[in-house]
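Open the structure in your viewer and keep the selection tool at hand. This tour goes stop by stop.

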Amino acid sequence: MALEMRGACERCAAPLDQNGLAYICSYECSYCGPCTRMLSHVCPSCSGELVRRPTRV
């Protein structure tokens, strides 16, 4: 089962490049770096930890 790599930040709608810096929680909510820092690395949807999203090769 693969992660759903969303193309935009769920908070500010900034585009998220497939191999760029992005953060994701265990429910696949995706955020850009600046929003992740503003959220203190905590997902506002599920209260889970936001971690660096893996890149695709």
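**Stop 1: the salt bridge.** This is a predicted model. Its count of salt bridges comes to 1. To see that bridge, select arginine 6 and glutamate 10 and show their side chains. The two meet with a nitrogen-to-oxygen distance of 2.6 Å. How exposed is each partner? Arginine 6 has 24% relative accessibility, so it counts as partly exposed. Glutamate 10 has 37% and also counts as partly exposed.

**Stop 2: the sheet.** Switch to a cartoon view. Look for 3 strands that form an open sheet. Their order is β2-β1-β3, and the pairing is antiparallel. Which strands stand at the edges? Select residues 30-31 for β2 and 51-52 for β3. Each of these has a single partner strand, so one side of each is left without a neighbour in the sheet.

Now select residues 23-24, which make up strand β1. Strand β1 pairs with β3 in the antiparallel sense, over 2 bridges. Strands of a sheet pair through backbone hydrogen bonds, so show the backbone atoms here. Then pick tyrosine 23 and look across to β3. Its bridge partner there is arginine 52.

**Stop 3: the loop between α1 and β3.** Find α1 at residues 33-38. Go on into the loop that lies between α1 and β3, and select serine 40. Its phi is near 55 degrees, a positive value in a residue other than glycine. Is serine 40 buried or exposed? At 54% relative accessibility, serine 40 counts as exposed.

Select histidine 41 too, in the loop between α1 and β3. Histidine 41 is not a glycine, yet its phi is positive, at about 60 degrees. Its relative accessibility is 33%, so histidine 41 counts as partly exposed.

**Stop 4: the cysteines.** How many disulfides does a search of the whole structure find? The result is 0. Select cysteine 9 to begin. The nearest cysteine sulfur belongs to cysteine 35, 3.8 Å away, and cysteine 9 is in no disulfide. A disulfide needs the two sulfur atoms within 2.5 Å, so a pair at that distance does not count. Cysteine 9 is buried, with a relative accessible area of 4%.

Move on to cysteine 43. It is in no disulfide either, and the nearest cysteine sulfur, that of cysteine 46, is 3.8 Å away. Cysteine 43 is buried, with a relative accessible area of 1%.

Definitions and conventions: Residues are numbered from 1 along each chain as its sequence is written. This is a predicted model: local features need pLDDT of at least 70, side-chain atom pairs count only at pLDDT 80 or more; totals for chains, interfaces and linings use all residues. Side-chain values use heavy atoms; hydrogens and water are left out. A salt bridge is a side-chain nitrogen of Lys or Arg within 4 Å of a carboxyl oxygen of Asp or Glu. Buried means under 20% relative accessible area, exposed over 50%, partly exposed in between (1.4 Å probe, protein chains only). Two strands pair if DSSP finds at least two bridges between them. Helices (H or I, at least four residues) and strands (E, at least two) are DSSP runs, numbered from the N terminus.
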